[in-house]
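Student: May we go through the reasoning behind the terms used to describe this structure?
Tutor: Certainly; let us take the terms in turn.

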Amino acid sequence: MRVRVVYLGSLREIVGQGSQELELPDRAVAANLWEQLRASYPALQKYERAIAIAVNQEYSKPDRELHDGDEVGFLPPVSGGNIETASSTVELPLVSAHARIQSERIDSNSVAEQLKHGEDGAVSVFDGIVRNNSRGRKTLYLVYESYATMAIAEMEKLAERALKDFPVRDVRVIHRLGRLEIGDTSVLIAVASAHRGAAFDACRFLIDSLKKSVPIWKKEYFEDGAVWADGEPFPPDVKTV
């Protein structure tokens, strides 16, 4: 069988390409494919037990059996690019009921104003902005990249979970891709509810979860070079290889 392999974030630089098609024996599982890749690209071994697998843009276990025509994405820990993703050119913005991925500037005030309704007693906003330093180095700018169609689906899942698990009326989850300058908003979370406590709690849940599970990666550009930002560990329910 033949599958399409997609390399995200820093993996793309190690392999030297964003995607490729590979032949696998029938009944091969995702972990078999990863073992084959590690043998071909020894530098991948530094990611031992840290890579998540997405089959057809959904998180999958290493023992997931693969089929002809599957798209298999290997994801390093996420930390959040251009709109040219590793798999295809995606036209932005991507929009779901409660989430949005865009390349243009995020208007934080407008989002919060549009979310307000008469029954709300609070709108809690997390506005993540680009700062001018990281780990003692002067930051020039950032570039965010994403497995975009999977990312918007994961963001919508988090929004729906927040609406289910917290007594809030509505939420918005917005992330920007591409080159961001100092002071730009990279991610915006807004939560409307009758009471402030629920809004605070849901807002914190959304940004903390997004930083762990949504496939967005950040590359930091400094005066003396550039590095991929260290990602946070995947949630326990996402199995890694």
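**Reasoning from values to terms**

Tutor: In this predicted model, the crossing of helix 4 past helix 5 is right-handed.

Student: What makes helix 4 and helix 5 roughly antiparallel to each other?

Tutor: Helix 4 and helix 5 pack at an angle of about 150°, and their axes are 10 Å apart. Angles over 145 degrees count as roughly antiparallel, and therefore helix 4 and helix 5 are described in that way.

Student: Which residues make the contact between helix 4 and helix 5?

Tutor: Helix 4 contributes Glu154, Met155, Leu158, Ala159, Arg161 and Ala162. From helix 5 come Phe205, Leu206, Ser209, Leu210 and Ser213.

Student: What covers the buried residues of helix 5?

Tutor: The cover includes helix 4 (148-165), together with strand 4 (58-60), strand 8 (122-129), strand 11 (170-176) and strand 13. Among the buried residues of helix 5 are Ala198, Ala202, Phe205, Leu206, Ser209 and Leu210. An α-helix has 3.6 residues a turn, so residues three or four places apart point the same way.

Student: How does the span of helix 5 compare with the expected value?

Tutor: Helix 5 (residues 196-213) has 18 residues and reaches 26 Å from its first C-alpha to its last. This is close to the 26 Å expected at 1.5 Å a residue.

Student: Why is Ala190 called buried or exposed?

Tutor: The cut-off for buried is under 20% relative accessible area. Ala190 has 0% relative accessibility, and therefore counts as buried. Ala190 lies in strand 13 (residues 185-193). Apart from residues up to four places away in sequence, Ala190 touches Val111, Leu115, Ser124, Val125, Asp170, Val171 and Arg172.

Student: Why is Val130 called buried or exposed?

Tutor: The same cut-off of under 20% applies. Val130 has 3% relative accessibility, so Val130 counts as buried. Val130 is placed in the loop between strand 8 and strand 9 (133-134). Its contacts beyond four places in sequence are Leu142, Leu180, Glu181, Ile182, Gly183 and Asp184. Between Val130 and Gly183 the C-alpha distance is 5.0 Å, although these two are 53 residues apart in sequence.

Student: What makes strand 6 and strand 8 edge strands?

Tutor: Their open sheet has five strands in the order 6-7-11-13-8, with mixed pairing. Strand 6 (94-95) and strand 8 each have a single partner strand, so one side of each is left without a neighbour in the sheet.

Student: How do you know that strand 8 and strand 13 pair?

Tutor: Two strands pair if there are at least two bridges between them. Eight bridges join strand 8 to strand 13 in the antiparallel sense, and therefore the criterion of at least two is met. One of the residues involved is Ile129, whose bridge partner in strand 13 is Thr185.

Student: Which strands does helix 3 touch on this sheet?

Tutor: Helix 3 (residues 108-115) packs on the sheet and touches strand 8, strand 11 and strand 13; its direction makes about 15° with that of strand 13. Helix 5 also packs on the sheet, touching strand 8, strand 11 and strand 13, and its direction makes about 150° with that of strand 13.

Student: How do you know that strand 3 and strand 5 pair?

Tutor: Strand 3 (residues 52-55) and strand 5 (residues 71-75) run antiparallel and are joined by four bridges, and therefore they satisfy the requirement of at least two. Ala52, for example, has Leu75 of strand 5 as its bridge partner.

Note on methods: Residues are numbered from 1 along each chain as its sequence is written. This is a predicted model: local features need pLDDT of at least 70, side-chain atom pairs count only at pLDDT 80 or more; totals for chains, interfaces and linings use all residues. Side-chain values use heavy atoms; hydrogens and water are left out. Helices (H or I, at least four residues) and strands (E, at least two) are DSSP runs, numbered from the N terminus. Buried means under 20% relative accessible area, exposed over 50%, partly exposed in between (1.4 Å probe, protein chains only). Contact means heavy atoms within 4.5 Å. The expected span of a helix is 1.5 Å times one less than its number of residues. Axes are lines fitted to C-alpha atoms, for helices over the stretch in contact, and angles run from 0 to 180 degrees between N-to-C directions. Angles under 35 degrees count as roughly parallel, over 145 as roughly antiparallel, 65 to 115 as roughly perpendicular and the rest as oblique. A crossing is left-handed if the near helix is turned anticlockwise from the far one by less than a right angle, and right-handed if clockwise.
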